[in-house]
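Take a moment with the sequence and the 3D view. We will start at one residue and then widen the picture.

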Amino acid sequence: MSETPTRTIRVVGIGTGDPEHLTLQAVRALSDVAAVFVLDKRAETADLVEVRRRVCAAHIARPYRLVSVDDPPRERNPADYAATVEAWHAARAERLEDAFLDLGAGEVGALLVWGDPALYDSTLRILERIVARGRMSIACKVIPGISSVQVLCARHAVPLNAIGGMIAITTGRRLAAGWPEGAESVVVMLDGDPAFGHLDQDLTIYWGAYLGGGDEILVAGRLGDVGDEIRRRRAEARTRHGWIMDIYLLARHPQGSALHPPKGSPFGNP
């Protein structure tokens, strides 16, 4: 009976687009990789693939392969969200498994994950699926990264939590069902169509899109005053780029917006 082959994969959090977001540990983890695997939707994700190319160029000094894997499509507004995501993850696992088989003996592969691999990302679950399929085992090392939550607060120069207050991190789909019980601050991710009308209009919102990149957009203020502006600017940006990554923090009380980060930061972004 043949032994199940093992592939060494490093899952590396790369922050939100700035090559300087990588930690020293992440830089070391990339230093000896032979292949970097990228799930690619072609035109829709061309900008995101290019960011990964820049990260690799900045931090990998040895020859390596950038392996593009066609990302299976999925319905964005399904009737059964859980079943749709389940099928999408299964299709992703199958395609990545085939790509991993091309790793040679002793070679190390890497997956570059936006933000941090532990926060609203499917990579680790997909690797578990690959192992469960039984064709290979995976020696996996996870390198944490700077999350969009951290970058959002840094860009607005605000703390994430009120003093002693509870924080909730959720999705737009969940927020539509109501404000999380007991939370003073709520971070909202994966909100495909932000609708703020059901929320307290006196909440303070800190919104950011394309964080860490040259197209970064920031808006903050009383929700009733800036909610429409955020929706308008979000729609315009999505039309212009063909995609958008954004996140927002809602707070029952202003979190300290008297501070203003300097423009023209030496770290690459205003």
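Is G208 buried or exposed? The model is a predicted one, and in it G208 has a relative accessibility of 0%. Buried means under 20%, so G208 counts as buried.

Now place this glycine. G208 sits in strand β8, which runs over residues 204-209. Leave out residues up to four places away in sequence, and G208 touches L152, I217, L218, M245, D246 and I247. Not every residue is at hand, though. The C-alpha atoms of G208 and R54 are 22 Å apart, and their positions lie 154 residues apart along the chain.

Move a little further along to L211. L211 belongs to the loop between β8 and β9, where β9 covers residues 217-222. Being in a loop does not put L211 on the outside here: L211 is buried, at 5% relative accessible area. Set aside the neighbours within four places in sequence. L211 is then in contact with T16, G17, S148, V151, L152, R155, E216, L218 and I247. P63 is another matter: its C-alpha atom is separated from that of L211 by 29 Å, and the two are 148 residues apart along the chain.

Next comes helix α7, residues 223-241. Its 19 residues reach 25 Å from the first C-alpha to the last, close to the 27 Å expected at 1.5 Å a residue. Which residues of α7 are buried? They are L223, V226, G227, I230, R234 and A237. Seen down the helix axis, these buried residues fall within an arc of 120 degrees, so they line one face of α7. That buried set packs against β8, β9 and β10, the last of these being residues 246-251. Turn to the face that points away from the buried side. There you find the exposed residues D225, D228, T239 and R240. After α7 comes G242, with a positive phi near 85 degrees.

Helix α2 can be read in a similar way. It spans residues 46-59 and has 14 residues. From first C-alpha to last it reaches 20 Å, close to the 20 Å expected at 1.5 Å a residue. Its buried residues are L48, V49, V51, R52, V55 and C56. They cover an arc of only 155 degrees around the axis, which puts them on the same side of α2. What covers them includes α1 (24-30), β2 (35-40) and β4 (108-113).

One of those residues leads to a new topic. C56 is buried, with a relative accessible area of 0%. How many disulfides does the whole structure hold? A search finds zero. For C56, distance gives the reason: the closest cysteine sulfur, in C140, is 17 Å from its own sulfur, too far for a bond. A disulfide needs the two sulfur atoms within 2.5 Å. C153 is also a buried cysteine, at 9% relative accessible area.

Finally, step back to the whole chain. It has seven helices and 10 strands. Its C-alpha atoms fill a box of roughly 65 × 45 × 40 Å along the principal axes. A compact globule of 270 residues would have a radius of gyration near 18 Å, and the chain, at 20 Å, agrees with that. Buried residues make up 45% of the 270. Take contacts between residues at least 6 apart in sequence: 73% of them join residues at least 24 apart. The chain exposes about 14,000 Å², and carbon and sulfur atoms supply 52% of that area.

Definitions and conventions:
Residues numbered from 1 in each chain as written. Predicted model: local features only at pLDDT ≥ 70, side-chain atom pairs only at ≥ 80, totals over all residues. Heavy atoms only, no water. Helix = DSSP H or I, 4+ residues; strand = E, 2+ residues; numbered from the N terminus. Expected span 1.5 Å × (residues − 1). Buried < 20%, exposed > 50% of the residue type's maximum accessible area, 1.4 Å probe, protein only. Arc of directions from axis to C-beta. Contact = heavy atoms within 4.5 Å. Rg over C-alpha atoms; globule rule 2.2 N^0.38 Å. Areas by Shrake-Rupley, 256 points an atom, 1.4 Å probe, with all protein chains shown as cover.
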